[in-house]
Amino acid sequence: MTTPRWWQAGAVYQIYPRSYQDSNHDGIGDIPGIIQRLDYLKTLGVGAIWLSPFFKSPMADFGYDVADYCDVDPLFGTLADFDRLVTEAHARDIKIIIDYVPNHTSNQHPWFLESRQSRTNPKADWYIWRDPKPDGSLPNNWGSAFGGVAWTWDDQRGQYYFHQFAPEQPDLNWRNPEVKAAMLDVLRFWFQRGVDGFRMDVIWMIWKHPDMPDQPPLPKATPRGEHDIFNSQQHLYDWDYEGIHEIMREMRLLADEFGDTVLIGEIYLPLERWVRYYGTADEPELHLPFNFRLIELREWTADAVRQEIGLLEAAVPPHGYPNYVLNNHDQPRFPSRFGVQHTRTAAMLLLTLRGTPTLYQGEEIGMVNGIIAPHQVKDPQGINLGVEHTRDVARTPMQWDDSPHAGFSTVEPWLPVHPNYHTVNVAAQVAHPRSVYALYKALLSLRREHTAFSVGSLTLLDLAPEVVAYERRSDDERFMVVLNFSDKPLSVPLPTAGVKVLSTHPFTPNELIKDQLELWGNEGVILRAV
Ligand code: NOJ
């Protein structure tokens, strides 16, 4: 059996810096605030933190509009603060993964300011500029992910520029070798500063058809309102376009020069296209194309989850390693999406599957969607498409304790704290042995300590229709994970005897179960086969 890599045994913990910990009393989280919380993360037991963007930015998309890839926005601190974060995290054996936003810059990035000057300046071709069609209409029919069209007219240059997201986020022209070189240098800059890996924003979108033809409508489209062209058309020429894998390959070779690193790509694609981002055994690409399939399930049932595990196990090539995610800063939180009653079994699932688990801040205390009134919406997607589409619900401040503003800040935070913070907070849960936090901590420790849970094999077990069960096995250990997805108590036959190691519910450690396991409704149990 192989020794697990750090990103296989340890879990990745996503931090949305704006909402984690404010240290300078402006209602916005910052890097010194994250440093203050490193001991908490160490105790929780995560292997790495992934930081959403903290780079210089006008914040039109809260940092996913970068105006300088190689500097820290003053809101979040300084480069010296970042260096200190790297040193302090590494001293605690926590790796640092940062966000890389290659598809677009801010419209305030000096590259764009230069590019828009004229059709002949040195950076004229760094972005995607087009004339109107001869009849005066837009260059093509493509839509923006945040609603409306993907083209904005620039008076200065007298042309349209393309933006897959907000008008403040012009897409870079990756077909220009100078752009590619400059963007690969960004990876080098941060690797040299000590980061251990990158999470790559919308990586499957960066390479487009050179002529950008109109895209056909999507049969059975589910647009988010009348302004949603993006979800109403087939993305034949802007997503996963021929040639993208060569860039992935180049990025991987670059990352390999820096040793034991990880590249995680944000990719929403059908399984058979998604899996190609692992590359081949001889020419690997990303270590982990993010797998969002559990987030995207329509219903949280044993059947649906079992099927997903089977599909993923079958799809991921032998040189690759799976991964699973239940929450991030773009999606409604898991308990609000699928039901609070599933929070604990979902945690047990996420942390015992064969695949790198990525947690999102607050998940470990069972945070639910924030409550955002229409006038409080900050997210450009929510502003354009309506409050029901705002991602702000997943971005409300971390709930640390029951003091005013939940210990996140001493002043009114940029988004409202969820009113349940009086009971749902870190301090309360750390003190309570049966909290959601305590469960996450115990699961993280099991995963780190037993290779069976990281690089061990996974075999699905067919025990009962409402149950997801599997065996995890290393050379010398064998565990069974049994998760009851129904609200009702169940009695299920075990394939072999085992002792109880952990449960989502109160339990007797080391209790021997010979053949029939009794489960409470929504209970999950881990047993070590004996
Ligand atoms: C995906 C990011 O996760 C999201 O927050 C952002 O708005 C878009 N990419 C654009 O960068």
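These legends go with a few close-up views of a predicted model.

Because the model is predicted, local features need pLDDT of at least 70 and side-chain atom pairs count only at pLDDT 80 or more, while totals for chains, interfaces and linings use all residues. Residues are numbered from 1 along each chain as its sequence is written, and side-chain values use heavy atoms, with hydrogens and water left out.

**View 1. An open sheet of six strands.** Follow the order 14-15-16-21-18-19, with antiparallel pairing. Strands here are DSSP runs (E, at least two residues), numbered from the N terminus, and two of them pair if DSSP finds at least two bridges between them. Strand 14 (457-461) and strand 19 (512-513) sit at the edges with a single partner strand each, so one side of each has no neighbour in the sheet.

**View 2. Strand 18 meets strand 21.** Strand 18 (residues 498-503) and strand 21 (residues 524-529) run antiparallel, joined by five bridges. Look for Val-499, which stands opposite Arg-528 in strand 21. Helix 14 (residues 436-449) packs on the sheet here, touching strand 18 and strand 21. Touching means contact, with heavy atoms within 4.5 Å, and helices are DSSP runs of H or I, at least four residues. The direction of helix 14 makes about 130° with that of strand 18; axes are lines fitted to C-alpha atoms, for helices over the stretch in contact, and angles run from 0 to 180 degrees between N-to-C directions.

**View 3. An open sheet of three strands.** The order is 6-8-7, again with antiparallel pairing. Strand 6 (129-130) and strand 7 (151-154) are the edge strands, each pairing on one side only. In strand 8, Tyr-161 is the bridge partner of Trp-129.
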